[in-house]
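Me: I want to learn how to read the strands and the overall fold of a model. Can we work through one together?

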Amino acid sequence: MPELPEVETVRIGLGSLLPGKIVRAVTFDWPKGFPNSKHDVSVFLIGAAVKDVRRRAKVLIIDLDNDYSLIIHLKMTGQLVFRSNDDLKRFGAGHPNDSLIGTLPDKSTRVTLDFGDSKLFFNDQRKFGWMRLVPTIEIPEIDFFKKVGPEPLAHDFTDQDFIKRLQRRPKSNIKAVLLDQTVIAGIGNIYADESLFAAKIHPLTLVKDVPMAKLKKLFQELQAVLRLSIEKGGSSDRNYVDAKGQKGSYLTFAKVFRRDGQPCLVCGTIIEKSRVVGRGTHTCPTCQPKPKGTK
DNA sequence: CACTTGACCTGTCCGC
DNA sequence: TGCGGACAGGTCAAGT
């Protein structure tokens, strides 16, 4: 589930909660998702203090004061939920506010970091997510970080940079290219659909067939939807929650995503759902006419 | 090489 | 109510 805005929301939350906390204990039994040995965890994680929480693409990086870092990918259903011991006592068996989270840990909890006065739960229903403890200095050498594209909201990332990178894949359809993390970092299914709708581009259009003006428009709209979503705490469909276990409200503002069967907010045509690159894809057939030669 | 498809998991929802 | 099948927001390996 989590794309750039959701991971960024978690980063902001953890960034205000974790720095200074010392890891006192770690509970885990998930060799595939968290392959570090008990020995390494006890030597390089227990006793270390959290220094900083960063994000690159959809990956969270928790830097420790011993030159090690935890890198975490939430994939589709991962959650990182922080609870003080007081909250655990108070809300352990209940649902604070409109949270999707009940008693913690629950059956999807894969890893628990215990800070003494509080805990951080890594939940992941589908177990696609992962977490690794690595020397901080080795992070840039990890394959994913070597290959991942630029941050779409970086201040020095321009529309010309964006267009140049998209045009490296002229014969792919534009949605596939937006979703390719090596082209641009952090875009997933929700923000691909939303930005393509805003720029009035059909997702199946080949990159080479999109006029320059529309590529520029796409860049502006992509930045706008990402920024709005971060402001709204991300999108919560079923699983996503922030560091405090709360849902985000962006989907209230989504114009096509999960709005199939409802009228387009621009022209009133019924929004359609189809499959593009194997993913559920939402379009307005009037605002985003299909490219010639597709059915 | 460029590009597309399936596999990884579990849970939920929908139709019969 | 039960059951099979499709589907879910990501990424990689394997396929064409």
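Reply: Start with strand β4 of chain A, residues 68-73: 6 of its 6 residues are buried. Buried means under 20% relative accessible area, exposed over 50%, partly exposed in between, with a 1.4 Å probe and protein chains only. Strands (E, at least two residues) and helices (H or I, at least four) are DSSP runs, numbered from the N terminus.

Me: What kind of model is this, and how are residues and chains labelled?

Reply: This is a predicted model, where local features need pLDDT of at least 70, side-chain atom pairs count only at pLDDT 80 or more, and totals for chains, interfaces and linings use all residues. Residues are numbered from 1 along each chain as its sequence is written, chains are lettered from A and ligands numbered from 1 in the order in which they are written, and side-chain values use heavy atoms, leaving out hydrogens and water.

Me: Which residues of β4 lie on each side?

Reply: Y68, L70 and I72 sit on one side, and S69, I71 and H73 on the other. Both faces are covered.

Me: Which strands pair with β4?

Reply: Two strands pair if DSSP finds at least two bridges between them. β3 (residues 59-64) runs antiparallel to β4, with 5 bridges. There, D63 has S69 as its bridge partner. β8 (residues 130-135) is also antiparallel to β4, joined by 6 bridges. In that pairing, I71 stands opposite R132.

Me: How many residues lie between β3 and β4?

Reply: The hairpin leaves 3 residues between them. D67, in the turn, has a positive phi of about 70 degrees.

Me: Why is β5 described as largely enclosed?

Reply: Count its buried residues. In β5 (residues 78-84), 6 of 7 are buried, so the rest of the structure largely encloses the strand. β5 pairs antiparallel with β7 (residues 118-124) over 7 bridges. F82 of β5 faces L120 of β7.

Me: Now the whole chain. What radius of gyration does chain A have?

Reply: The radius is taken over C-alpha atoms, and the globule rule is 2.2 Å times the number of residues to the power 0.38. For 295 residues a compact globule would come near 19 Å; chain A has 20 Å, which agrees. The C-alpha box is roughly 60 × 40 × 30 Å along the principal axes. Chain A holds 8 helices and 10 strands, and 53% of its residues are buried.

Me: What share of contacts joins residues at least 24 apart?

Reply: Contact means heavy atoms within 4.5 Å. Among contacts between residues at least 6 apart in sequence, the share is 64% in chain A.
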